[in-house]
Amino acid sequence: MKIQLRKSDIIWNYLGIAMNLGGNFLMLPFLLYFLNDDAYGLWNVYVSLGGIVALFDFGFNTTFARNITFCWSGAKKLDKESVESRRNLDNEPDFTLMKKVLITCKRIYLVISAAALLLLWTLGTVYILYLTREIDSKEYVISWLIYSIAIFMNLYFGYYDSFLRGVGDIADVNKYKILARIVQICLLAGLLYCGFGIVGASIAYLCYGYVFRTAAKRRFYSYQDIGKHLKSVTEKISRSEITELFKVIWHNAWRDGLVSLANYLSNQVTVIIGSFYLTLAETGAYSLAVQLAQAIVQIASALYTAYQPTLQAAYVDRDKEKMKDSMSAILSVYIVTVIIGFAALLTVGIPLIKLVKPSAVLSTSIILGVGLYQTILKGRNCYTSYISSTNRVPYAKAFVVSGVLCLVFSVILEEAFAIGVWGLIVAQIASQLVFNAWYWPMFVHKELSLSPLEIFPRGVKEVKRLILRKS
């Protein structure tokens, strides 16, 4: 089945990112107002633990989305690397193969989410009890158990996100995420107002996951009658077939997992390291600069997320021109948006922040330094998104090495030279310049025969075509 990016996909993808970034800010006033200091601090611990548990996914979400796209595009067989060309296919989805992928996905996620829940209810509960040892309240234990269940449900049923993205329904994925976030915010405000405290916050988070997975599940099976087609597959899927398919999928899944771990090292570890060497004011200023820069590059890179199914389908078609057009649009929009975003932050954003909070410490030079690093990091990901769309993840080990170098460089610069925030910034930039920042862009340009000078002309044409489409 042909996948074509629509204007609505782009619009809803940007709205989804904006809601994801803004949702936490919208909930913050309610949490600060209705929760006491202990409860608010504990809530942040919940969120942090949830973020760590998300690593249990270990790349399966990305890998399954990619393989669903291959099935939807007509592939009759999945390989560990690459995929057969659609030139030899009938372009119709192979629903038998898709059903095998879905069954494999559900079984893998059941094991992953069950392991995560077990860890949360054992070590996680012990940790929460330790933190609340001087507080005589069962409320925290109840809220933690509810939050743990929410994490389990979100992790287990999160594969419907992969399924919808895999068939190219980018718009609806983001619609349901926005809907679920609105429900969470409204419930959070209502339950906190009614005195449910941190238990209410956990219930709201549980409902967020329930709304999203229910809507996404219904949409997936109704999308172009996928549910009916899958029901029509009467062939029994044997355990050996599931095992064999798992081996194929695991080949790249563990690599995608390493990429997630590497991104965590490259992005989050410096904040933790900084807390040991910087004052609280410096740590806060650096952390704020990181958040602002990440928000800008995340918005700027939204197009490459939306284009993933299109790139994957173009690869199955071996349509090199389409891949070159798609990459040119991704890179052109990314570069222009980054420039506009940081210009707006420096001229409008910083003055507004200081107007709201005059005591906020914001250094233009630090924001630019952090912004340069985040731009390099996300720009690198724009290029590797093309490589992953061809069912290859050769960059996983290099990403991990860069993440470790970032950690090592940060410690060395702070221990030996004590240059503060700039030690962290220099460590981050240097860790990427060693290899990833230049090698993978060169790799993609060479493989696609895409000259850097072609990027903007091709990108502008592709964006115009996208704008002129009716839907």
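Two residues count as being in contact here when they have heavy atoms within 4.5 Å of each other. With that in hand, take Ser 402 in this predicted model: once neighbours within four places in sequence are set aside, its contacts are Ser 266, Ser 431, Gln 432 and Asn 436. Ser 402 belongs to helix H16, which covers residues 396-416. Is this serine buried or exposed? Its relative accessible area is 3%, and buried means under 20%, so Ser 402 is buried.

**The overall build**

Stepping back to the whole chain, we're looking at 19 helices and zero strands. The C-alpha trace spans about 65 × 50 × 40 Å along its principal axes. How does the radius of gyration sit with a compact globule? For 471 residues such a globule would come out near 23 Å, and the chain has 23 Å, so the two agree.

Buried residues account for 52% of the 471 residues. Long-range pairings show up too: take the contacts between residues at least 6 apart in sequence, and 82% of them join residues at least 24 apart.

On the outside, the accessible surface comes to about 21,600 Å², and carbon and sulfur atoms own 66% of that. As for charges, the chain carries 46 positive and 31 negative ones, and the mean positions of these two sets are 5 Å apart.

**Two nonpolar cores**

In soluble globular proteins, nonpolar side chains tend to be buried together. In this chain, the largest nonpolar core has 71 residues, and Tyr 46, Met 98, Phe 220 and Ile 226 have the most contacts inside it. Helix H4 (residues 95-131) gives the most to this core, chipping in 13 residues.

Phe 220 is a handy place to look around. Apart from neighbours within four places in sequence, Phe 220 touches Leu 102, Tyr 160, Phe 163, Leu 164, Val 167, Ile 226 and Leu 230. There's also a second, separate core of 62 residues, with Ala 329, Val 333, Val 370 and Tyr 383 among its members.

**Two loop residues with positive phi**

A couple of loop residues are worth a click. Asp 225 sits between helix H8 (197-222) and helix H9 (226-231), and its phi is positive even though the residue isn't glycine. Arg 318 likewise has a positive phi without being glycine, this time in the loop between helix H13 (302-317) and helix H14 (320-356).

| Residue | Phi | Relative accessible area |
|---|---|---|
| Asp 225 | near 60 degrees | 38% |
| Arg 318 | near 55 degrees | 25% |

Buried stops at 20% and exposed starts over 50%, so the 38% of Asp 225 makes it partly exposed. By that yardstick Arg 318, at 25%, is partly exposed as well.

**Far along the chain, then back together**

Finally, here are two pairs that are separated along the sequence. Thr 310 is in helix H13, and with a relative accessible area of 4% this threonine is buried. Which C-alpha distance goes with Thr 310 and Leu 5? The answer is 6.3 Å, for two residues that are 305 apart in sequence.

The other pair starts from Ala 295 in helix H12 (residues 280-300). Ala 295 and Gln 374 are 79 residues apart along the chain, with 9.7 Å separating their C-alpha atoms. Ala 295 has 22% relative accessibility, so this alanine counts as partly exposed.

Terms used
Residues are numbered from 1 along each chain as its sequence is written. This is a predicted model: local features need pLDDT of at least 70, side-chain atom pairs count only at pLDDT 80 or more; totals for chains, interfaces and linings use all residues. Side-chain values use heavy atoms; hydrogens and water are left out. Helices (H or I, at least four residues) and strands (E, at least two) are DSSP runs, numbered from the N terminus. The radius of gyration is taken over C-alpha atoms; the globule rule is 2.2 Å times the number of residues to the power 0.38. Buried means under 20% relative accessible area, exposed over 50%, partly exposed in between (1.4 Å probe, protein chains only). Accessible areas come from the Shrake-Rupley method with a 1.4 Å probe; for residues, only the protein chains shown count as cover. Lys and Arg count as positive and Asp and Glu as negative; His and the chain ends are not counted. The place of a charge is taken as NZ of Lys, CZ of Arg, CG of Asp or CD of Glu. A nonpolar core is a set of buried Ala, Val, Leu, Ile, Met, Phe, Trp, Tyr and Cys residues joined through side-chain atoms within 4.5 Å.
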